[in-house]
Amino acid sequence: MIVIGLLSTEEEAQEIQFIAKICSVENRIRYLVHVERIKKLISEQNSV
C-alpha cells in the first residue's frame, strides 16, 4: 500500500494494515453471503 510509506510512525502503518485486512475480510463475508442468497434463490426457483 502506497499510503503506508507516507505515515509518520510504524504504529500508524500497522493500524492502516490492520484496517485494510479487516475490510478485506468484511468484503469476503459479504461476497459469501451474496453467493449463498443466490444459491437459495436458484434452488427455490428450481423447486417451483
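Buried residues account for 4% of the 48 residues in this chain. The model is a predicted one, and its chain has two helices and zero strands. About 4600 Å² of the chain is exposed, with carbon and sulfur atoms supplying 61% of that area. Two salt bridges are found in the structure, and a nonpolar patch made by F18, I19 and I22 sits on the surface. Here is a short tour, topic by topic.

**Nonpolar surface patch**

- Together, F18, I19 and I22 have about 300 Å² of accessible area in their surface patch.
- One of these patch members, I19, belongs to helix α2, which covers residues 10-47.
- I19 counts as partly exposed because its relative accessibility is 48%, a value between the 20% limit for buried and the 50% limit for exposed.

**Salt bridge between E26 and R30**

- E26 pairs with R30 in a salt bridge whose closest N and O atoms are 2.8 Å apart.
- That separation fits the criterion for a salt bridge, which asks for a Lys or Arg side-chain nitrogen within 4 Å of an Asp or Glu carboxyl oxygen.
- Both partners, E26 and R30, are in helix α2, and they are four residues apart, about one turn of the helix.
- E26 has a relative accessibility of 36%, so it counts as partly exposed.
- R30 is partly exposed too, because its relative accessible area is 48%.

**Salt bridge between K39 and E36**

- A salt bridge also joins the side chains of K39 and E36, with an N to O distance of 3.8 Å.
- K39 and E36 are three residues apart within helix α2, again about one turn of the helix.
- K39 has a relative accessible area of 49%, so it is partly exposed.
- E36 is likewise partly exposed, because its relative accessibility is 48%.

**Putting helix α2 together**

- Helix α2 holds the patch residue I19, the salt-bridge pair E26 and R30, and the pair K39 and E36.
- If you are looking at the side chains in the viewer, I19 at 48% and E26 at 36% are handy places to start, and both count as partly exposed.

Definitions and conventions: Residues numbered from 1 in each chain as written. Predicted model: local features only at pLDDT ≥ 70, side-chain atom pairs only at ≥ 80, totals over all residues. Heavy atoms only, no water. Patch = residues over 30% accessible without salt bridge, like charges linked within 9 Å, V, L, I, M, F, W, Y side chains within 5 Å. Areas by Shrake-Rupley, 256 points an atom, 1.4 Å probe, with all protein chains shown as cover. Buried < 20%, exposed > 50% of the residue type's maximum accessible area, 1.4 Å probe, protein only.
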